[in-house]
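Colleague: I am new to this one. Please take a close look at a single part for me, and then show me how the rest is laid out around it.

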Amino acid sequence: MSVRVGHAAEAEDFPMAAKKLLQNRQLRDNLRHATDVIRGKRAKVVNELPDWEELRSAAHEVKEHVLRYLGSYLEQFEQKCKQAGGQVHWARDASEANGIIAGIIKRHGESEVIKVKTMTSDEMSLNDALQAAGITPYETDLADLIIQLGEDAPSHIVVPALHRNRSEVRQIFQEKMHLKDLGDRPEDLTAAAREYLREKFLRVKIGISGANFAIAESGSVVVVESEGNGRMCVSLPRVLITIVGIEKILPRFEDLEIFLQLLPRSATGERMNPYNSIWAGPSGTDGPQEFHVVLLDNGRTNVMADPESSETLDCIRCGACLNACPVYRQTGGHAYGSVYAGPIGAILTPQLQALEHSQSLPYASSLCGACYEVCPVKINIPDILIHLRGEIVKRGDAPLNERIAMKAVGFALSNGRRLSTAQKLARIVQRPFEHDGNLQDLPSMLAGWTTFRDLAAVPKTSFREWWAERGKGTGT
Amino acid sequence: MTNAKEEIMRRIQNATHGLLERAREYDTISRNYIQSGTRDQAQRIELFCDRLRDYGSAVYTCQSDEITSGIANLLNTRQLSCLLVPSGFPAQWLPREFEFISDHRLTNEQIGRADGVITACALAIASTGTIVLRHSEEAGRRALTLIPDYHLCLVFENQIVETVPEGIRAMSTFSLAPITTISGPSATSDIEMTRIKGVHGPRTLDVLLVGGLNV
Ligand code: SF4
């Protein structure tokens, strides 16, 4: 039994991978354009809600409550799901889950499945496992289809093909769908995908989905999507298999009133995404006759075990922290060597693997704090990055210059009160590398990309410190 | 070898020790966000229509005693002739000059051959322009509103709530039925973040907003 997160264990260290990707101008242009668009839309619809901060706080508290009582909520979910006619399976790790899923498909004598976007299945390398068992999986999300046909890897958790532009997509579709006259307008490409997949939706008898939320009180599962491929996959096949990471549980149906406001606005900058599908068990003549849920651990209990960083599991995979991250916006997702990229990937991937692999990822950040600011469930990513760096240094596994930098930090920490803001710490680490207020050459981790773009240095005094100082001066 | 569930439960047990103090009890979670709206019905309707138009959906209106002619006008405008309806759909609302097929175990292929589908909904949410379909009831089976290229949905004015929390609370009363929420037609932004309407679901969603009393 061992945890696997895609191919993260064999991936190159972040700085090496990043260095190569930074040479790719096209990639950087595609990335900048896509992340700029989503950020703009997100900012607009978030500003529209006067209670955004209250929603974030409530979401954080619900998620922390769930972790505390996870065992009993999982029990309740299992019981309700069974009551509704579903079958529940438990999987300690990716290979156990893959085995369960392949087993169900084989029992039905089928050799094809349609899939709606699930990052969890990418984490499990489910497609590889199915293919090895003689089963053909068809990805049905447009971006996932681009990735699958292009024999590529996802680079973003919400828009996995954002590193591809229209002419690259056209080339992939022309070749794999045998459409030599295909145009390159997004309309043409989307229509080609509709045509290509329609027949599969109507023919293939087994569907596989992930879950954005699973409700303990009712045994319901929620799939959030835009294209309608999710609705197809969860309601047309005869058999439906849904993979649920154990942290996806919410106590009550009503808790959706928080998360269905936060997720679409954070993920795609929409007030609400076009479609949500919610169901509990099979439902007579409507939809699949057989419904399976696979509850997956695969290292999530490793993450839970450290109270300093367990809130990593609160993540609802909105991708806002990726779009906001100056490092991600330069390197793209592939540099992280994991299906989970960006700030959340930098903390989640190593923790799932009990810090045994992907040790360079917690250094793939300038600790600027933008990720924390946009996170709809208020995960303090900078604090967790620092904590994980410390854990890696403690094990003696960190590269030499990180160890030196972290020793200095450790010294500062032991001499003062616990530093509450990541900024202070960032300043300690960056000082020797600063030149004219721009970061010139960060310790090896960030060297790869600072040579391509000057990163604005963290100011010497943070706003909050400045405010406090100012307060002292006037005696207020 | 212990079974998977026992082992995962044991791991959780060991891991939750450190989490004891920090987490709140369910009832003390702070819910200081907005839980209900302040708009009157006319303002709610206006907001809902604004949102729908924003999504590119057309909104038509009629009174509750004009549903039949409302539907006929719309189908003429759209030049559609053969539509599906859920099995319990009130026959008196359907204009005679069109063909309607009631869903009695239609196959997916039969569903795919129709020009479109007409349904009602369980409720609607103004602030997000969301229509909530409760399946196998007034919205019919899920395949009905999914496979055809055209969906006409009847929304009664008094079915519109203002906020997402009000909508979710109403949905929680039928949480065991399959539910689909629809906020504008199917769309993707996967290619260069250009929003394209109509990937897999119906490419056109029209709403017939019915005033007067609910039926
Ligand atoms: S960590 Fe927060 S911002 Fe990042 S993907 Fe998860 S929920 Fe979204």
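Modeller: A:Arg329 touches A:Leu31, A:Arg32, A:Thr35, A:Asp36 and A:Arg39. A:Leu322, A:Asn323 and A:Ala324 are also touched by A:Arg329. That list leaves out residues up to four places away in sequence. Keep in mind that this is a predicted model.

Where does A:Arg329 sit? A:Arg329 belongs to helix H15 of chain A, which covers residues 326-331. A:Arg329 counts as buried because its relative accessibility is 15%, and buried means under 20%. Now compare sequence with space. A:Pro343 is 14 residues from A:Arg329 in sequence. From C-alpha to C-alpha, the two are 11 Å apart.

Next, stay in chain A but move to another helix. Helix H12 of chain A covers residues 256-267, and A:Gln261 is found there. A:Gln261 has a relative accessible area of 7%, so A:Gln261 is buried too. A polar atom of the A:Gln261 side chain lies 3.0 Å from the backbone oxygen of A:Glu257. The contacts of A:Gln261 reach into both chains. In chain A, A:Gln261 touches A:Leu49, A:Trp52, A:Leu55 and A:Leu256. In chain B, A:Gln261 touches B:Val164 and B:Pro165. Again, residues up to four places away in sequence are not counted.

Those last two contacts lead to chain B. Chain B has 5 helices and 12 strands. Its domain assignment gives domain 1, residues 1-30, and domain 2, residues 37-211. The C-alpha centres of these two domains of chain B lie 42 Å apart. Along its principal axes, the C-alpha trace of chain B spans about 70 × 50 × 40 Å. The radius of gyration of chain B is 21 Å. For a compact globule of 215 residues, the value would be near 17 Å. Buried residues still make up 58% of the 215 residues in chain B. Now take the contacts in chain B with a separation of 6 or more. Residues 24 or more positions apart account for 74% of them.

One stop remains: the ligand. There are 13 residues around the ligand. A:Cys315, A:Cys318, A:Gly319, A:Cys321 and A:Cys375 come nearest. The shell around the ligand divides into 11 nonpolar residues, 1 polar and 1 charged.

Methods. Residues are numbered from 1 along each chain as its sequence is written. Chains are lettered from A and ligands numbered from 1 in the order in which they are written. This is a predicted model: local features need pLDDT of at least 70, side-chain atom pairs count only at pLDDT 80 or more; totals for chains, interfaces and linings use all residues. Side-chain values use heavy atoms; hydrogens and water are left out. A residue is near a molecule or strand if one of its heavy atoms lies within 4 Å of it. Ala, Val, Leu, Ile, Met, Phe, Trp, Tyr, Cys and Pro count as nonpolar, Asp, Glu, Lys and Arg as charged, and the others, Gly among them, as polar. Domain bounds come from an automatic or database domain assignment. Helices (H or I, at least four residues) and strands (E, at least two) are DSSP runs, numbered from the N terminus. Buried means under 20% relative accessible area, exposed over 50%, partly exposed in between (1.4 Å probe, protein chains only). A polar contact is a pair of N or O atoms within 3.5 Å; within protein, one must be able to donate a hydrogen and the other to accept it, and residues adjacent in sequence count only if both atoms are side-chain atoms. Contact means heavy atoms within 4.5 Å. The radius of gyration is taken over C-alpha atoms; the globule rule is 2.2 Å times the number of residues to the power 0.38.
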